Structures are given as structure tokens and as C-alpha cells.
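This report describes a protein model, beginning with its surface and overall make-up and then turning to individual elements.

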Amino acid sequence: MKMKTCTLLLYLCSSYFVFSQKDVDTLPRLDLYKIALINQTDSYITFPTVIGNIEPLLFEANVSPSFVIRKRKDSRLMALLTAQIIIRMYNEDSYPVRTPSYIPQISVFYLLNKREMLDYTVLFGKLAHHSNGQDENFYNSDGTINLKTGNFSTNFLELGILKTNYSQRLKAIKTWKSSFEMHPKSWMVDELQGSYSGLRWHNDFSSFKFPLNNSNNTDRANFSLKVETTIMLDTYNNLNLFDFDRFTAALTFYYHPKFLEDIGLFIQFYHGMDYYNIYFEHQISVIRFGIMTEILKF
């Protein structure tokens, strides 16, 4: 009888270990490098069809390759060097590309703690430059902003925190980011001082949804959802404290079809200040579609 009892206990323990190990093996893999990539802007190109109050575009493209700097793969400290460029090609005669946004940046990430396999807390800082590569007068002779060749240039610092966790029931990785972005006046061209926000509070939420039956241990999410909000906190452009122009929001839904390898389809709603360098005084509300690269593998 004792032998049967011991055998049963050994069987239950071994079964528990096997099934637990199987659950662990089917979880997506996450580390500091992948958390850093989630924090970076996605590379994409839009289709010509855009719904909203923006100039007619043939496409908008964001090219954002990142180069990792770290001592070894399990380092708690690492940096990303990113050469981000945003391009808009206008649907006009000769299809001009006007004043691209150049946003070279270096970001540093420090792993504060790791409670569980997919539960991370990360501190980060970013130093970046944003310009349009032009050197003519900021204003036209009639006092309007020179959108075609006017000089736009600013530098900024961003400090924040990133948290991640995983829902076993939903098979989804969830991330949350909160940060403050600061543009000291001495880091801007004179014409931007007082008209361009120098203090911004960002809050972002992302969710990466995996197949409910992940027996094949897929390394890509089927769907992802990203919500981004920004509030301008400083005094600029004579705006009231609760003026709606102080707020920007973006909602991006991404779908990765099985028949595509490294790209997927996205739809995005964006409302708020135009982020395209010297066009910052424009308030836009757009719905756009396109393709997005998926460099993030779990």
C-alpha cells in the first residue's frame, strides 16, 4: 500500500512538473532588448488614402532603425542608437518631399527589477535632436511660417519608466510607459520659444496578443494595440491650462497575417499637434492605413 501511495505521489509530482514546464515553454520570451524595442517608434509606410484634415499625401514613411550597445545579452544596462527619419511625399505636381523630420537619438535603459519571467520594471532616458534640414528664415515676409524652407531645430531630453507583465489567460503581453519630455529654451531656435511646447507628459499602453493555443511557441503576436497620449504642461502659444490643443492622442491597431513574414497591416487614428517638424502649429485629425515592419520577435 505504501509503495502504491509513493508511486502515485511521484506520478502526480512529475506530471505537475511536466505540465508546468510545458506552460513555461509556450510563453513568449521577453528581455531588456525587446522591452527597449517596444519603446521605440515603429517603422511604417502609409497608403495614399487618408481620412482627415491633412494635406494630400502620396505616403508618409517612418524609418527608425536601432543599433544596440551593450556589454552582453543579460546586461541590466544597455543603449539604443536610433537614426529616425519621417518623410511625407505630397500628392502634387512632381510629388515633392518637403522638410523631412530628422530625429537622431540615443536611449539608455536600466533594468530596475524582474519579479517574474515577464514582469519587468525599466528606467530609461533619451537624448534627441529634431530638425528639418533647412536653413532659411523661419517666417515668410507676410508673417506666416515658412513651411517649405524655414529653419526648425530643437533638442530634447526624455526621462521615464516602463513596466511589463503577461496575462496567461489572454495570452497577451502588456506594457505601460510614462515619461516627461523636456525642450530647454536654449536648445531651441529662437522662433520656437514661446510657441512650441517645451514640457510634455507622455503615457503609452501597448498589448501584444498571442494565439490562445500557442503549442507551436510562435515568436510573433497575431495582433497588437497601442494607445499613446501626450499633454503639453508648459506655458506656450497663449493657451489656457485646459485648452484642447494641449492634448494629443493616437490609437494604432496592428495585424500580422500568417502569410507575411516581417511586415503587417495597421490602422491608426491620430488627433493633435502635427509632429512633422515646422508644421507643429497645425492641428490634425486623421485615420490612416498602411504596412508596418515587425522587428519585435518574442
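## Surface and burial

In this predicted model, the accessible surface of the protein amounts to about 16400 Å². Carbon and sulfur atoms account for 62% of that area. Of the 298 residues, 45% are classed as buried.

## Overall organisation

The protein contains two helices and 13 strands. When contacts between residues at least 6 apart in sequence are considered, 59% of them join residues at least 24 apart.

## Helix α2

Helix α2 spans residues 32-39, and seven of its eight residues are buried, so the helix is largely enclosed by the rest of the structure. The buried positions are L32, K34, I35, A36, L37, I38 and N39. A lysine and an asparagine, K34 and N39, are thus listed alongside L32, I35, A36, L37 and I38 as buried.

At the N-terminal end of α2, D31 acts as a cap. One of its side-chain oxygens lies 3.2 Å from the backbone nitrogen of Y33.

## Strands β6 and β7

Strand β6 covers residues 119-131; 10 of these 13 residues are buried, and the strand is therefore largely enclosed by the rest of the structure.

Strand β7, formed by residues 153-167, pairs with β6 in the antiparallel sense. The pairing extends over 12 bridges. Within this arrangement, A128 has F156 of β7 as its bridge partner.

Key. Residues numbered from 1 in each chain as written. Predicted model: local features only at pLDDT ≥ 70, side-chain atom pairs only at ≥ 80, totals over all residues. Heavy atoms only, no water. Helix = DSSP H or I, 4+ residues; strand = E, 2+ residues; numbered from the N terminus. Buried < 20%, exposed > 50% of the residue type's maximum accessible area, 1.4 Å probe, protein only. Contact = heavy atoms within 4.5 Å. Areas by Shrake-Rupley, 256 points an atom, 1.4 Å probe, with all protein chains shown as cover. Pairing = 2+ DSSP bridges. Polar contact = N/O pair within 3.5 Å; in protein donor to acceptor, adjacent residues only side chain to side chain.
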